[in-house]
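Trainee: I have the sequence and the structure open. Could we go through them by question and answer?

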Amino acid sequence: MLGERLGAAVIVGDNRDTTGRESDVDSGEPVDRSGVTVGLRRAAEIWSALSARPFSAEETAALLPEPDDSATLVEIARLALRSDACATGPYLHAVLDRLPSSLLRELAERAVHRLTSGPNDAAAEILAYVSVHQAESLAAHLPSLWELSPSEGFYFAEWPWRVADESEIARLWERADPDDELRRERALRCLLQTRRPDVLARLSPAEDDLHSVGYTLGGGELRRLHSASPWHLAFPADLLRRWATRNPLRAHQSSWPVASQRDPQALTSGCIDLACPRCRKRLHRLLYLPSVPPDVGVTSRARVEFVWCAECGPYTEVSYVRHDADGAPADLAMTFVVDPPERQPGLEPADEAIPATGVELVRLEQRWWWQDWAISNDRENLHRVGGEPTWIQDPDYPSCPDCADTMIAAGQVNVADLWDFEGMCYLMWCDQCAISGVVYQQT
Ligand SMILES: [Zn+2]
Ligand SMILES: [Zn+2]
């Protein structure tokens, strides 16, 4: 509580220099002078170290205060905002991870205010993060963000408009003026981000644009391609510790719940007794759901097992698996981007992955329902059932090979964690045909 109280006091005023000395008082906020000064000085030292040199995740993690030290964490972000430092994202996003929602909201306000006096890297990074993890904090600032355009040209520039209300939507329609092509295109991109069926119907966007916001108009009917709220996978504590050793910024990241191991609700990794038709190696289990949650969009099977060939899969456009009446994989067919290279016998990628591991499904706080692969930067838990995929490349919802309908996203497994390699497997599903599709993406 002390941290929150101090953090709130520190962030409201902007009346100290980087050494922590008081300067012009403009906020009138009561401040614990000695305590805050110590915190400010410590924050200044940490920020100075973070911003002065190239740093690794290990070095950043070693420098950052614990999550209960909100006052120092907020002050680091505030110092970044007051500077002209570039490339602040890698440490600033880790700082924001450790802050409670109330302080994120105040930082977002400060970032918007900072941008009114010119471009600022830290402000843009804070707003990018908040547009993913707490977009509602930006609802009141959308008219300002339209003018300031902090992330112009970036793929997430229009994400704040996910929370546009009626009056902002009306403003966007007014801005979609055919006489100003650039302004019109930007307004239409913002309208797309509202993800509201009534707005999308009036926009009548191209199918690719609809996929980018998780919809399809296949068959003439607007259809959602993923559930609104994901379940995250909770892993055993020893595995989380091992991953946190590899990336220490995960240690204080609240999207990593610990599985109890008493009652695993799902299984990941390990091999199943079905061979790849191309390389004859056993297929790798991405996720076995013995009881599929009701809101994921998998209704024609009570259970389902998503698998792929870890050898051939990275070279595919899609790996399709037909499932039997019990949801078990029956056969696999792949479409390739390029032919897989010949590998030496004995090299089994699936054997290099972690063994079969019991996991649980956990509904995290709303802050983690939206995630972005790049902004996550290997800190966040991106193993999910349901929810919108966190695409590494462009959104890619394949068509079902049987009925040609666009498949829905049923989840994703960050195989980079499972086998210390890279890439994400997106788990797609056609409910009427009981066919799964695995789409693999990497940088
Ligand atoms: Zn294979
Ligand atoms: Zn189908």
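The exchange below covers a metal site, some strands, two helices and several salt bridges.

Mentor: Keep in mind that this is a predicted model.

Trainee: Which residues coordinate the zinc ion (ligand 2)?

Mentor: The donors are SG atoms, placed at 2.2 to 2.4 Å. In sequence the donor residues follow the spacing C-x2-C-x26-C-x2-C. They are Cys400, Cys403, Cys430 and Cys433.

Trainee: What arrangement do the 4 donor atoms around the zinc ion (ligand 2) make?

Mentor: Look at the angles. Four donors count as tetrahedral if all angles lie between 85 and 135 degrees. Here the 4 donor atoms subtend 102 to 113 degrees, so the arrangement is tetrahedral.

Trainee: How many residues apart are Cys400 and Cys430, two of the donors of the zinc ion (ligand 2)?

Mentor: Cys400 lies in the loop between strand E11 (384-385) and strand E12 (408-413). Cys430 belongs to strand E13 (residues 424-430). Both cysteines are buried. The pair links distant parts of the chain, and the separation is 30 residues.

Trainee: How many residues of E13 are buried?

Mentor: Take the two directions in turn. Met424, Tyr426, Met428 and Cys430 point one way from E13, and all are buried. Cys425, Leu427 and Trp429 point the other way, and they are buried too. E13 is therefore largely enclosed by the rest of the structure, and the count is 7 of the 7.

Trainee: In what sense do E12 and E13 pair?

Mentor: There are 5 bridges between E12 and E13. Gln412 stands opposite Tyr426 in E13. The sense of the E12 and E13 pairing is antiparallel.

Trainee: Which residue in E14 is the bridge partner of Trp429?

Mentor: E13 also pairs with strand E14 (residues 435-441), in the antiparallel sense over 7 bridges. Those two strands form a hairpin with 4 residues between them. In E14, the partner of Trp429 is Ser436.

Trainee: Which residue in the turn of the E13 and E14 hairpin has a positive phi?

Mentor: The turn is made by the 4 residues between the two strands. One of its residues has a phi of about 55 degrees. That residue is Ala434.

Trainee: Moving to helix H9 (residues 166-175), how wide an arc do its buried residues cover?

Mentor: The buried residues are Glu168, Ile169, Leu172, Trp173 and Arg175. Their arc around the axis is limited, which puts them on the same side of H9. On the other side, Glu166 and Glu174 are exposed. The arc is only 160 degrees.

Trainee: Which helices do the buried residues of H9 pack against?

Mentor: Start from the buried set, which includes Leu172 and Trp173. This set packs against three elements: helix H8 (142-148), helix H10 (181-193) and helix H11 (197-203).

Trainee: Which residue forms a salt bridge with Glu168?

Mentor: Glu168 counts as buried at 1% relative accessibility. Its partner counts as partly exposed, at 30%. The two are 3 residues apart in H9, so they are separated by about one helical turn. With the closest N and O atoms 2.8 Å apart, the partner is Arg171.

Trainee: Is Asp273, which meets Arg282 in a salt bridge, buried or exposed?

Mentor: The Asp273 and Arg282 side chains meet at 3.2 Å, N to O. Arg282 is partly exposed, at 41% relative accessibility. Over 50% counts as exposed. At 73%, Asp273 is therefore exposed.

Trainee: How far apart are the closest N and O atoms of Arg379 and Glu380?

Mentor: Arg379 is buried, at 1% relative accessibility. Glu380 is buried as well, with a relative accessible area of 1%. The two form a salt bridge, and the closest N and O atoms are apart by 3.8 Å.

Trainee: Which residues do salt bridges that share partners join into one network?

Mentor: A search of the whole structure finds 21 salt bridges. Some of them share partners, and the residues joined into one network are Arg246, Arg250, Asp378 and Asp417.

Trainee: Last one: which residues does Ala123 touch, not counting those up to four places away in sequence?

Mentor: Ala123 sits in helix H7 (residues 121-133). It is buried, with a relative accessible area of 0%. The residues touched are Leu81, Ala111, Arg114 and Leu115.

How values were computed. Residues numbered from 1 in each chain as written. Chains lettered and ligands numbered in written order. Predicted model: local features only at pLDDT ≥ 70, side-chain atom pairs only at ≥ 80, totals over all residues. Heavy atoms only, no water. Buried < 20%, exposed > 50% of the residue type's maximum accessible area, 1.4 Å probe, protein only. Contact = heavy atoms within 4.5 Å. Donors = N, O, S within 2.8 Å, 3.2 Å for Na, K, Ca; no water. Tetrahedral: all angles 85-135°; square planar, octahedral: opposite > 155°, others 65-115°. Pairing = 2+ DSSP bridges. Arc of directions from axis to C-beta. Salt bridge = Lys/Arg side-chain N within 4 Å of Asp/Glu carboxyl O.
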